[in-house]
Amino acid sequence: MTRPAIARPIRQALSRPLVQQSRQALIPFMTIRAQTSVTPTEPTEPTEQPPNDASTPRPPHLVNELPDPREENDVRLPRAVQALYLQPLRREAQYGVPSCDLQLRSFSIPNLEFFCDFALRAAYYLNLPAFGPVPLPKIVERWTVPRSHFIFKKSQENFERITRRRLIQIRDGHPETVQLWLAYLRKHAYYGIGMKANVWEFASYEISKQMEEEAKSLQEIVEQKMKHFGRDKTLGTVKKVKELLASERFRHTK
């Protein structure tokens, strides 16, 4: 059979028009939603619908605000977890008397900001009014080092190190609470963070009397120690000298 004889039936089959089915024949295969749109509906009386919470106006959502409790479909995280996404809470100072200045230093800004946030949250839960972090001027250090020696001294290399600093101030804090806060920060210190604290303690006008009483008690302790100073090992030393003189090894050396 030749090639034109094979291609003739295929060309005839492709040239025939397609037979389209009527709309009535396609109704059983339509979806329920399509059938409801085709079939006419009878007029019904309007019914009252309950008020929807989604249609009621809501107050504007602020950046540092918890989500609206009316959003029942949304999954609400615990308050302790939500606090991690918000700014750290702060206590208000009543008198504004500084108690401690904490200076944090680091070469990395993300680590520095993270530990500042941690220190502010720790101060809030210890009932300490904290202010900051205040950016301090950065410290820039540069070094020029020769790459080689002798005739290659002109080939030099420059190094630079920038130290970032932040300041957190505690006001109206009790000295013991401030020491507890600093100890907690030292215990959970973050890598690459240096700390320097200036602490102020305020006392009453009768501090001189307290210092005199403390000096008297310390003087008594020192006098008790000085009585036996240099005499604790006197007897033992004399015995050892006598044993050494009476030993056979010392006799043979004569």
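## A tour of the sheet and its helices

Begin by selecting arginine 142, which stands opposite glutamate 160 in strand 3. Helices (H or I, at least four residues) and strands (E, at least two) are DSSP runs, numbered from the N terminus. Two strands are taken as paired if DSSP finds at least two bridges between them.

The model is a predicted one, in which local features need pLDDT of at least 70 and side-chain atom pairs count only at pLDDT 80 or more, while totals for chains, interfaces and linings use all residues. Residues are numbered from 1 along each chain as its sequence is written, and side-chain values use heavy atoms, with hydrogens and water left out.

**The whole chain**

Colour the model by secondary structure. The chain has 9 helices and 4 strands, and their order along the sequence is α-α-α-α-β-α-β-β-α-β-α-α-α. Of the 254 residues, 13% count as buried; buried means under 20% relative accessible area, exposed over 50%, and partly exposed in between, with a 1.4 Å probe and protein chains only. Contact here means heavy atoms within 4.5 Å. Among contacts with a separation of 6 or more, 71% are between residues 24 or more positions apart.

**The sheet**

Next, display the four strands together. They form an open sheet with the order 2-3-1-4 and antiparallel pairing. Strand 2 (130–146) and strand 4 stand at the edges, each with a single partner strand, so one side of each is left without a neighbour in the sheet. On average, neighbouring strands are turned by 20 degrees against each other, direction ignored. For this and the other angles, axes are lines fitted to C-alpha atoms, for helices over the stretch in contact, and angles run from 0 to 180 degrees between N-to-C directions.

Two helices pack on this sheet. Helix 5 touches strand 1, strand 2, strand 3 and strand 4, and its direction makes about 15 degrees with that of strand 3. Helix 6 touches strand 1, strand 3 and strand 4, and its direction makes about 15 degrees with that of strand 1.

**Strand by strand**

Return to the pairing of strand 2 with strand 3, which is antiparallel and runs over 13 bridges. Then select strand 1 (residues 98–106), where 7 of the 9 residues are buried. Strand 1 pairs with strand 3 (residues 156–171) in the antiparallel sense over 8 bridges. Two positions help to align this pair by eye: aspartate 101 stands opposite glutamine 169 in strand 3, and serine 106 stands opposite arginine 164 in strand 3. Strand 1 also pairs with strand 4 (residues 194–199), again in the antiparallel sense, over 6 bridges. Here leucine 104 has methionine 195 of strand 4 as its bridge partner.

**Helix 5 against helix 6**

Now show helix 5 (residues 109–125) and helix 6 (residues 175–187). Their axes are 10 Å apart and make an angle of about 145 degrees. The crossing is right-handed; a crossing is left-handed if the near helix is turned anticlockwise from the far one by less than a right angle, and right-handed if clockwise. Display the side chains of Phe115, Phe118, Ala119, Ala122 and Ala123 in helix 5, which meet Trp181, Tyr184 and Leu185 in helix 6. By class, this contact holds 8 nonpolar, no polar and no charged residues. Ala, Val, Leu, Ile, Met, Phe, Trp, Tyr, Cys and Pro count as nonpolar, Asp, Glu, Lys and Arg as charged, and the others, Gly among them, as polar.

**Two cysteines**

Select cysteine 100, which is buried with a relative accessible area of 0%. Cysteine 116 is likewise counted as buried, at 1% relative accessibility. A disulfide is a pair of cysteine sulfur atoms within 2.5 Å, and by this rule the count comes to 0 disulfides.

**Backbone features**

Most residues other than glycine have a negative phi, and most peptide bonds are trans. Three places to inspect follow.

- Glycine 132 and proline 133 are joined by a cis peptide bond with omega of about 0 degrees; proline 133 lies in strand 2.
- Phenylalanine 150, in the loop between strand 2 and strand 3, has a positive phi of about 60 degrees although it is not a glycine. At 70% relative accessibility, phenylalanine 150 counts as exposed.
- Aspartate 172, in the loop between strand 3 and helix 6, has a positive phi near 55 degrees. At 26% relative accessibility, aspartate 172 counts as partly exposed.
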